[in-house]
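I opened this entry to go through the structure step by step, beginning with strand pairing and ending with the contacts between the chains.

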Amino acid sequence: MRQDTKMPTEAKEFAIGNASPAFGDLAHPGAAVSIRGLRHFYGSLETIEGFDMECPPHRVLGLVGPSGCGKTTLLETICGLQEPAAGNVEVGGALDPRGRLARCAFMPQRDMLLPWLSALDNSALALRNRGTGRKKARKEAGQLFERFGLAGFERALPAELSGGMRQRVAFLRTLVSGKPVLALDEPFASLDAITRSEMQAWLAGALATDPRTVLLVTHDVEEALYLSDEVAVLSARPLRVVDKMSAPTPRAPDRDAAVTDPSFVAVRERATTSLRGAAG
Amino acid sequence: MRRWLLPTLFLAGLIAVWQIAATTGVIADALNLEPYLVPSPSEVATSLWDSRSLLAENAWVTLQEMLFGLCIGLIVGVSFAVAMHLSSGVREATYPLLVISQTIPIVVIAPILVLWLGYGIWPKLVVVALICFFPVAVNTLDGLRSVDRETTKMMRTLDASRGQILWRVEAPGALPYFFSGARIAATIAPIGAVFGEWVGADSGLGHLILQDNAQLETARVFAATAVLSAIALSLFGLLALAERRIVTWR
């Protein structure tokens, strides 16, 4: 995999969060996510028993929890990829799985880029699926490449891109879908520590210019607290919110300063303690 | 360069050993045969040259049988794979039948096909297609099913229909598997063609081999076999080339 030497400057560009309507053509009125009394079974084992959760429109909700606590199941249920055994899951007013699927874009842990499509065609998948012609879809997605620090890599195959760039293409693909809700399942877990913090700053910038309702699943407390407005610490079997906290400086332009600020460190310590307790 | 040099050198070495063994009569003595029954490579080459128009004529017939039979096999194989992939009912209903179709010896089917379809090209096409479709169907089905479920989920949230998932994700993902099956099919196609001709034909390399064998024209039997191998090798090479041009992302 190619090394991402140009990344830091690009990341800063985004972190500044210029006020230009970068994603004006993709802007969305926003949608709230609400879960009431969600239950889920894995075989006969009840993994989620009575789970409640709220996320207002255009807010970022961080979900941290121990591995295997059912975070992915939760995301897939919200997205309408799974049906709950019981309970109400509402996304932007839609309760049925089809309606939820139409409102959510799911970004899985691995980038899942299709190896036979160029970066441009990968990012335009949602448009193509909706019947937009190849030329028009490429043009529409291509407009965003520069802002994503991907200019010049439109025709590159995923195998020719670095890990950070692949992740940005995957995120671009999610954003181009124009869905009001983004479900991100550990989006940066596969990246090395340096690229990961760069990508966090970059995502913060991207969300500043194009706000969406974001559900961010991660097991990185710092990542959750930096990117989210609110963070919920989850426990495993049964899945439950054990602690909830507001982030001190959500998506602050200067990431390094933000995460070392005493108020941030204090909240991080609290979240880490809660998480340790949740893992049992 | 190395890819061509090594097999060519190895083949040349084998031919040289055979040439010495045949001309000195070592093989014939060992097997207690008349020397003319064990032709040397040079005799085979002479036969190849002397009978070139006869061989070309018959090779053309067999080539058509192999090529069209292989094409039918590929189309039928892919169709079965897609149908079995899209419907678990179809998969469960037909999978055992596909396997059974391969357990029936061709020597049993071929005469019946000749009875039904006559002496022309059709029974040969059916035999070739029958043995070629199986590796294609099984491999392509595996390929279609090899797609990561996460990718399918990602595509669904990007508003992809079932058909779009098949066309944009599963089909390209299955291509390398399809080509593996197709290459196997290309190498077994001559077997089908020759069996088809043995049962009833008035031309073709298999027919020629049968006749020459009966007339103890062993040199030409080897010559015809060499031509048959060359055809299969070309088909194999063409498929490998097509795969390299199409599957560029691997």
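Before looking up partners, I note that two strands count as paired if DSSP finds at least two bridges between them. The model I am reading is a predicted one.

**Strand pairing.** I looked up strand E3 (residues 60-64) of chain A and found that it pairs with strand E7 (residues 213-218) of chain A in the parallel sense, over 5 bridges. Which residue is the bridge partner of A:Val64 in E7(A)? I find A:Thr218 in that position.

**The sheet.** Following the neighbours outwards, I read an open sheet of 6 strands in chain A, with the order E5-E6-E7-E3-E8-E9 and mixed pairing. Strand E5 (104-107) and strand E9 (240-246) of chain A each have a single partner strand, so I record them as the edges, where one side of each is left without a neighbour in the sheet. On average, and with direction ignored, neighbouring strands of this sheet are turned by 20° against each other.

**Confidence.** I then checked pLDDT for chain A, which averages 84, with 89% of the residues scoring at least 70. Among the elements of chain A, helix H4 (residues 119-123) has the highest mean, 96, whereas helix H1 (residues 7-16) has the lowest, 36. Over residues 1-27 of chain A the pLDDT stays under 50, and I note that the model has 46 contacts beyond four places in sequence for this stretch.

**Cores.** The largest nonpolar core holds 54 residues, and A:Tyr226 is one of those with the most contacts inside it, a group that also includes A:Phe148 and A:Leu203. Not counting residues up to four places away in sequence, I list among the residues that A:Tyr226 touches A:Gln200, A:Ala204, A:Pro250, A:Arg255 and A:Phe264. A second, separate core has 50 residues, including A:Met112, B:Met155, B:Phe178 and B:Ala223.

**Between the chains.** I count 25 residues of chain A in contact with 17 residues of chain B. The two chains bury about 2000 Å² between them, 59% of it on carbon and sulfur atoms. Of the area that chain A buries against chain B, A:Met112, A:Trp116 and A:Asn129 supply 33%, more than any other three residues.

**One residue of chain B.** Is B:Thr151, which I located in helix H8 (residues 149-157) of chain B, buried or exposed? Its relative accessible area is 8%, and because buried means under 20%, I enter B:Thr151 as buried. Leaving aside neighbours within four places in sequence, B:Thr151 is in contact with A:Met112, A:Leu114 and B:Val169.

Technical notes. Residues numbered from 1 in each chain as written. Chains lettered and ligands numbered in written order. Predicted model: local features only at pLDDT ≥ 70, side-chain atom pairs only at ≥ 80, totals over all residues. Heavy atoms only, no water. Helix = DSSP H or I, 4+ residues; strand = E, 2+ residues; numbered from the N terminus. Axes fitted to C-alpha atoms, helices over the stretch in contact; angles between N-to-C directions. Core = buried A, V, L, I, M, F, W, Y, C linked by side-chain atoms within 4.5 Å. Buried < 20%, exposed > 50% of the residue type's maximum accessible area, 1.4 Å probe, protein only. Contact = heavy atoms within 4.5 Å. pLDDT = per-residue confidence, 0-100. Buried area = accessible area lost by both parts, 1.4 Å probe.
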